[in-house]
Each structure stands twice: as structure tokens, then as C-alpha cells.
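Here's a quick tour for anyone meeting this protein for the first time. Have a look at the sequence and the model, then read on.

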Amino acid sequence: MTKITQRRATANHRKRIRAKGLVRVEVQVPAGDAALLRGLAERLRASDQSSEAARAGLKSAVETQPQPQSALDIYASDLPDEYFEGVFDHVRTISKRKVDW
């Protein structure tokens with residue numbers, strides 16, 4: 001059980017952090033990346049030129065294109081036909097039913 005003074009100190013600390021516009025984020029990363037992420041968090045908290053450069057680099061690194069939802073989305077893309085050559089090389093030669101063409 002915490003004392004009233006400790007709870008008050010924690011509440012005041014959280015108010016100061018909120019007033020700065022910061023939020024707490026918890027992540028789980030490999031042990032080797034912990035120092036890297038701590039340094040990144042420190043850089044992002046700063047409001048200088050290096051933080052803006054880091055933020056822009058991160059945005060471009062993590063922004064991804066939406067994944068296609070079906071085969072139709074893939075084949076209806078604007079990619080040239082050469083991108084799909086060799087994808088479906090297997091030609092079905094044995095058929096269990098006859099089809100009139």
C-alpha cells in the first residue's frame with residue numbers, strides 16, 4: 001500500500017507529463033534493440049531539427065501499402081505482365097472431367 005504523499009507525487013508527475021503532450025508507450029523488443037529504442041525515444045521527445053529528421057525517417061520506414069485482399073486485386077494492378085511471369089508455371093494436364101471449348 002502506498003502512502004498518500006507517494007500517490008500525490010505520482011499524480012502530479014502524470015499531470016506534468018500530460019501537460020507536455022507526452023504519452024507513455026510500452027513495447028517489447030529484443031534485448032539488443034533496447035538501447036536503440038531508448039535513444040530513439042529520447043530523440044523524439046526533443047523538439048529540434050534532429051527529432052524532425054528522425055520522425056520523418058521513421059514515418060517513411062513504417063508506412064506500408066495496403067495488402068491486396070484477393071487475387072483479383074493482384075491481377076487488376078497496374079504492374080506490367082512481366083512481374084507475374086513464372087508465378088503460375090504449373091499447367092494442369094490431367095483433367096477429371098471433359099470440358100467443351
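## Lys15 and its charged neighbours

Lys15 counts as exposed, because its relative accessibility is 52% and the cut-off for exposed is over 50%. To find Lys15 in the model, which is a predicted one, look along helix H1, which covers residues 4-19.

Lys15 also has company: together with Arg14, Arg18 and Arg24, Lys15 makes up a patch of positive charge on the surface.

## A nonpolar patch

There's a nonpolar patch on the surface as well, and its members are Val23, Val25, Val27, Val29 and Leu37. Put together, these five residues offer about 450 Å² of accessible area.

Take Val25 as one of them. Where does Val25 sit? You'll find Val25 in the loop that links H1 to helix H2 (34-45). Is Val25 buried or exposed? With a relative accessible area of 63%, Val25 is exposed, since anything over 50% gets that label.

## The whole chain

Now step back and take in the overall layout. The protein chain has four helices and zero strands, so reading from the N terminus you get the order α-α-α-α.

How much of the chain is buried? Of the 101 residues in the protein chain, buried ones make up 2%; to be buried, a residue needs under 20% relative accessible area. As for the outside, the accessible surface of the protein chain is about 10400 Å², and carbon and sulfur atoms account for 54% of that surface.

Definitions and conventions: Residues numbered from 1 in each chain as written. Predicted model: local features only at pLDDT ≥ 70, side-chain atom pairs only at ≥ 80, totals over all residues. Heavy atoms only, no water. Patch = residues over 30% accessible without salt bridge, like charges linked within 9 Å, V, L, I, M, F, W, Y side chains within 5 Å. Areas by Shrake-Rupley, 256 points an atom, 1.4 Å probe, with all protein chains shown as cover. Salt bridge = Lys/Arg side-chain N within 4 Å of Asp/Glu carboxyl O. Lys, Arg positive; Asp, Glu negative; His and termini not counted. Charge placed at Lys NZ, Arg CZ, Asp CG, Glu CD. Helix = DSSP H or I, 4+ residues; strand = E, 2+ residues; numbered from the N terminus. Buried < 20%, exposed > 50% of the residue type's maximum accessible area, 1.4 Å probe, protein only.
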